[in-house]
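User: Please take a close look at a single helix in this model and set it in the context of the whole chain. A connected account will do.

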Amino acid sequence: MIIFRYLNREISVTTLAVSSILLLIFMSGRFVKYLADAAAGELAVNVLFVIMGFRLPGFLELILPLGFFIAILLAYGRLYADSEMVVLSACGISQAQLIILTLIPATILALLVAALSLWVGPMGARATETILAEQRSRSEFDTIQPGRFQRLGSANATAYISEVSDDRTRLQALVVAESGGDLGSGRHSIIVADYAEQALHPEYDQRYLTLYNGVRYQGQPGMADYEVTSFDAFGQFIKPPDIEGSMRDDSDAWPTSELLGSDELARQVELHWRLSLPVMAIVVALMAVPLARTDPRRGRYAKMLPAIILYMLYLGILSGLRGALEGGRFPLMPGFWLVHAAFLGIALLMINWRHLERRKLRRRARREAAHA
């Protein structure tokens with residue numbers, strides 16, 4: 001029990017440290033992307049950290065197995081480099097017992113990854129997609145950025161606003177240019193106004209944008225029949241956001257309950273993918289135990305590079321196979337499970353490699369003795 005607590009503490013602390021660093025790297029890259037969208041006016045700044053919070057489970061379900069794999073390599077590698085594994089072996093801890101002690105936290109981690117991939121992750125992805133749909137369905141008024149020309153929601157309208165109030169209900173010194181569409185072929189419209197305000201109709205509960213003290217120029221370039229209209233107030237209806245229509249059918253956001261029993265190939269592949277992640281956590285733990293074995297003179301990082309390459313090969317094959325399964329280019333069964341079986345075989349081969357080598361040497365010695 002003391003040895004189990006010692007090994008478990010070494011692995012747990014290292015897993016937490018490595019996973020935190022990996023999570024910071026992954027989330028920083030995604031945050032930069034969302035920050036660029038916010039700078040372009042496609043996202044509101046106040047939802048950035050909310051989105052990152054909802055995306056956290058989706059990152060963790062991929063990062064935790066990698067963090068646990070690297071943690072075993074680092075923790076056990078240090079024990080081998082400091083000859084502590086020799087002491088444990090002298091105390092009666094065999095490789096089989098070491099693997100059993102490692103599989104206990106690995107099983108707990110696999111259950112956590114299963115909870116993230118099957119329930120928490122899809123809920124977070126669904127909440128993220130809802131926020132992004134709300135941002136995509138915001139009215140043109142909400143997406144305006146001051147001091148720059150910006151295309152409005154309709155593809156044929158461009159606006160320039162010098163200032164926007166903090167509560168985004170008032171625009172100062174604006175120019176709106178529109179061409180085509182309802183204006184007729186080749187006709188253009190330019191509206192210049194001192195300011196504009198957004199108001200809610202008290203009876204119909206609908207939003208309107210009212211421009212004040214402006215001029216509207218409408219006509220066809222090159223022709224002398226321009227219509228010039230001055231106005232004190234010019235109202236424009238603002239369409240309400242269509243959140244449901246803006247929702248994207250993202251497979252990561254599908255609830256697991258909808259995947260169970262579904263006959264649709266894409267949903268079956270997604271279910272098998274989610275089930276594959278906790279299985280991968282167990283398999284990589286088995287691979288890490290023999291890979292962590294190193295000579296004290298070679299150092300604890302001797303096998304780190306080939307181990308990482310093996311892990312990336314494992315994950316890369318699974319990811320590539322996911323696309324092949326969705327495209328119907330590979331049968332769903334055995335599908336992912338063939339890959340898991342192959343890498344489980346590799347793990348068992350590495351675990352028993354020394355035993356196989358000793359048997360080979362004993363057979364060679366017996367043959368030589370027989371010939372002698």
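Analyst: The account below centres on helix α2, then turns to a residue of helix α1 and to the chain as a whole. The model is a predicted one.

Helix α2 covers residues 48–81. Along its course the helix bends by about 35°, and the bend is placed at Arg55. A proline follows within four residues of that position, namely Pro57. As for its surroundings, α2 is largely enclosed by the rest of the structure, because 25 of its 34 residues are buried. Just after the helix comes Ser83, whose phi is positive, at about 65°.

Helix α1, made up of residues 2–39, contains Ser19. The relative accessibility of Ser19 is 7%, and the cut-off for buried is under 20%, so Ser19 counts as buried. Leaving aside residues up to four places away in sequence, Ser19 touches Ile63, Leu64 and Gly67. These three partners fall within the residue range of α2, so the contacts of Ser19 link α1 to α2.

The wider setting is a chain of 372 residues, 40% of which are buried. Its secondary structure consists of eleven helices and six strands. Among contacts with a separation of 6 or more, 60% join residues 24 or more positions apart. The chain has an accessible surface of about 20,500 Å², and carbon and sulfur atoms account for 61% of that area.

Key: Residues numbered from 1 in each chain as written. Predicted model: local features only at pLDDT ≥ 70, side-chain atom pairs only at ≥ 80, totals over all residues. Heavy atoms only, no water. Helix = DSSP H or I, 4+ residues; strand = E, 2+ residues; numbered from the N terminus. Buried < 20%, exposed > 50% of the residue type's maximum accessible area, 1.4 Å probe, protein only. Contact = heavy atoms within 4.5 Å. Areas by Shrake-Rupley, 256 points an atom, 1.4 Å probe, with all protein chains shown as cover. Bend = angle between axes of the 7 residues up to and from the residue.
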